[in-house]
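Let's take a walk through this protein together, from the overall fold down to single residues. Please keep the model open beside the text as you read.

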Amino acid sequence: MGSYKKSQLRQQILTTLSKSNPYSMKENAAVSKSDKKQTQVKNQDAAFIPATVQKHAQERVIELIEKVVKEPIDVSVPVHLQEDIQTLVLELLELIVPGSAQEQNDSEKTQSKSSNSTKSKKNKNYTNSFSTSNQVKEKQTENLHFQPKSTPSKATSSQNGALRDAIKLHEEGIKGNKQSVKNAISAFKDLAKQQKNNLEIKAYLGSATTLLGRDASSVTDKMKYALEGLKILDGVVQEAPNLVIARVLRGNVSYRLPEMYFQRTSTAIEDFSFLVSAYEKDSSILNEDEYVDILKNVIDACKRTNQSEKASMFQSKLKNINNVGSNVPVNANNSNEASSKTSKTEGKANGLTDEAILMHQKALNGGPTEVQRAIDFFESFVLTNTAPEVEMAYLDVQSMLGRDSNSTFEMFGSAIKSMKAMDRLINENPANPQLRLVRAKHSLRLPENFFRRSAIAVSDIEFLLTEYDKEPDSLNEETYQQLLFDLGCAYEKLEMIEEAKEAWNKLSQTSPSNGIQQLVNEKQEQYSYKQKKLRVLSQATKDKFYAEAKELHALGAKGNKLAAKQSLEAWGKAQQAYPDCEVANTYFAASIALVGKYASDPQEMFGETMKALKLLKTSIKTDNPELKFLRGSIYSVLPEGFFHSSNLAIRDFSGVRTAFERHHENPPISKDQYVKLLFDLGHLYKRTHLLDKAEKTFKKLVKVAPSSKYAQLIERQEGNPET
């Protein structure tokens, strides 16, 4: 259809709208009349409007009339109503002649291209703004659906204006304005309440939330907000996979996030690949500068993950655009890496044997001796079995060298080396659930303050749970329940407590085993804690105050940060009141250690721990088993590579053990504490290579508490793998 016919058709729609609207002004009628002269030409059949379109037009006109009724017009139609009418005209024109609106958009895009080009520059933030919703449109093509009815085209004009303002704040936030980020989030949240089904708003809210992470001072908060934003963006893409703006925002967020901590490069590649494909079918969704930036980013993302073939394919597309990509070479080593990768996976790949699983499990539950035996086994096993599951188990075992090492260098070096190798292996085999399972457990074992791997654990566990929802046979029930609990723990490390509770509540509904349910109950008890009024408590007797303060410390030791903080405050008061009391002094020092344990900054953690250790060294003046058990428990969990406290823990625990075994009638600690002491003491003996003492201690434990969870752990360690 020629442009003359389209112009004629466009005017006919305007005229129809004008006549249908009893509130339209003479000014508008005059414009219609003057324009009508240009439309009285041949081919009058082009002005025919189908009945379905007339009906749709009438419905939209009624909507516009309602707006005018609420906002009387004195002189002319307000600008925001003119915009609504213009939007309606384009919509109706598109329904009659598909592709007509695209020509209009192409014209607008050409005019605004120069101003938009500055927005497509790379920056060092989490996200990179490409376009507002008026520039990134969905089309009714094979792969891109029309915008949902709940999006701004159907919202009130005031809501349209509010969304434009919020997007502008979002763009300012991307450029580094921290206050704009906060204002944008507030605006998007308000809009989301008004338009609950508007996925565009949700996508922008997710992107803005990740910017909070960029601006946060605490590393924990950075991780937390980045994950919260990604979760929102993932939800939008899952609900509307063809929503262009969601792909733009999520792709850029994923591209900017550190791969070691988030493993989101694959998501960036997925989104950028989608956008490239979509642009090739409909070039109006992005301008050329934006398309070029996406190509450059996806090439870089592919190179990061050693996907040389994909990188070359996108490189070719980039070179076709006025030779823009001629100076963006693909890594010359990629071809060699690809061929190496291919040859590596072409060998024998039978997977883990029962013996390999057993050796891996013994290393997990054991000490340096079991780890070395496992390493010796896998060094030979990998030569005849190159399955990725075998390599992953070998990497996991190698990382345990650092876990048990007395050397700080080896402790960090082994962990980091294994982390990088595991990430590479999963990038090569992203859909392998066994690899994800091992990496998730490995990530949760690492101290969060140093390695920041909880986000990786969340990603892997959610992948496994999604696969379980699709195929319940992919996991046994025990593993599924453990993963739900671990997911809550990963969120807890990231201080995303509501998400953690959600995971644990879901676990409670699955009829978990007694052991798992006990863990869940402890977590629920921990977070049901209500802050105590210490001023009232301090008026109690000394014995009652001490009893309450000990409960605070015990709850803090289980993971409740608020209780730990109150324990420090309470024992600080006790120390002031009774400066020579070894109970007050020891619990005060132990409370400092707890606060250090929960510090988000490594330097603060070290500082508080060293302060606590200095006080603990001189706080105990008598042979008090309760206090030695407390001090030994602190010594036993400290990284040996930093604090070299294993022998100190052995000394305290040995004394407490002797006191308990000599005084059965009036034991200084409970039996549960005694059983845990035996378990910890056995591992301390292993850590210090006192293997005979370790074996005797474990046998004693199994004898006195054969049905305890610690006895079960020892049984697994001795040779029965987990189911």
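The tour starts with the whole chain, then moves to the cores, a pocket, the annotated repeats and some individual residues.

First, a word on what you are looking at: this is a predicted model. The protein chain has 723 residues, and buried residues make up 49% of them. Its secondary structure comes to 36 helices and zero strands. If you take the contacts with a separation of 6 or more in the protein chain, 65% of them are between residues 24 or more positions apart.

Now for the interior. In soluble globular proteins, nonpolar side chains tend to be buried together. In this model, the largest nonpolar core has 60 residues. Which of its members touch the most other members? They are Phe188, Leu243, Phe262, Ile461, Leu465, Leu483 and Leu487. A second core, separate from that one, holds 53 residues, including Tyr529, Ala589, Phe629 and Ile634.

Phenylalanine 188 is a good place to zoom in. Neighbours within four places in sequence aside, phenylalanine 188 is in contact with Leu163, Ala166, Ile167, His170, Ile201, Tyr204, Leu205 and Ala208.

Next, turn to the second largest pocket, which contains about 1,500 Å³ of space. Its lining is made of 43 residues, and Asp234, Ser459, Glu462, Phe463 and Thr466 are the closest to its centre. Several helices each supply at least two residues of this lining: α9 (219–239), α12 (265–281), α19 (408–428), α20 (433–445), α22 (454–470), α23 (477–493) and α24 (497–508). Which helix gives the most? That is α22, with ten residues.

Two loop residues can be visited along the way. Arginine 452 sits in the loop between α21 (448–451) and α22. Its phi is near 50 degrees, a positive value in a residue other than glycine. Is arginine 452 buried or exposed? Arginine 452 has a relative accessible area of 4%, so it counts as buried. Glutamine 263 has its place in the loop between α11 (259–262) and α12. Glutamine 263 is not a glycine either, yet it has a positive phi of about 50 degrees. Glutamine 263 is buried because its relative accessibility is 7%, under the 20% limit.

Helix α19, one of the helices that contribute to the pocket lining, also holds serine 418. With a relative accessibility of 2%, serine 418 counts as buried. What does serine 418 touch, leaving aside its neighbours within four places in sequence? The contacts are Leu395, Gln398, Ser399 and His442.

What does the UniProt record add? The unreviewed entry places the feature "repeat: TPR" at residues 481–514 and 675–708. In the model, residues 481–514 are 76% helix and 0% strand, and the end C-alpha atoms of the span lie 11 Å apart. Residues 675–708 come to 79% helix and 0% strand, with 8 Å between the end C-alpha atoms.

Moving along the chain, helix α33 (residues 646–662) contains valine 656. Valine 656 has a relative accessible area of 0%, so this residue is buried. Not counting residues up to four places away in sequence, valine 656 touches Pro625, Lys628, Phe629, Ile669 and Leu677. One of these partners, Phe629, is included in the second core. The C-alpha atoms of valine 656 and glycine 632 are separated by 9.2 Å, and the two residues are 24 residues apart along the chain.

Glycine 655 is in helix α33 as well. Is glycine 655 buried, exposed or partly exposed? With a relative accessible area of 32%, glycine 655 is partly exposed. The C-alpha atoms of glycine 655 and asparagine 624 are 9.3 Å from each other, and these residues are 31 residues apart along the chain.

The last stop is the cysteines. How many disulfides are there? The count is zero, taking a disulfide as a pair of cysteine sulfur atoms within 2.5 Å. Cysteine 489 is buried because its relative accessible area is 16%, which is under 20%. Cysteine 581, at 13% relative accessibility, also counts as buried.

Technical notes
Residues are numbered from 1 along each chain as its sequence is written. This is a predicted model: local features need pLDDT of at least 70, side-chain atom pairs count only at pLDDT 80 or more; totals for chains, interfaces and linings use all residues. Side-chain values use heavy atoms; hydrogens and water are left out. Buried means under 20% relative accessible area, exposed over 50%, partly exposed in between (1.4 Å probe, protein chains only). UniProt positions are given in the numbering used here, feature names are shortened, and annotations may be inferred rather than shown by experiment. Helices (H or I, at least four residues) and strands (E, at least two) are DSSP runs, numbered from the N terminus. A nonpolar core is a set of buried Ala, Val, Leu, Ile, Met, Phe, Trp, Tyr and Cys residues joined through side-chain atoms within 4.5 Å. Contact means heavy atoms within 4.5 Å. On a 1 Å grid over the protein atoms alone, a cavity is a set of points where a 1.4 Å probe fits but cannot get out, and a pocket is an open set with protein on both sides within 12 Å along at least five of seven lines; lining residues have an atom within 4 Å of a point. Grid points are joined across faces, edges and corners, and a volume is the space filled by probe spheres set on the points.
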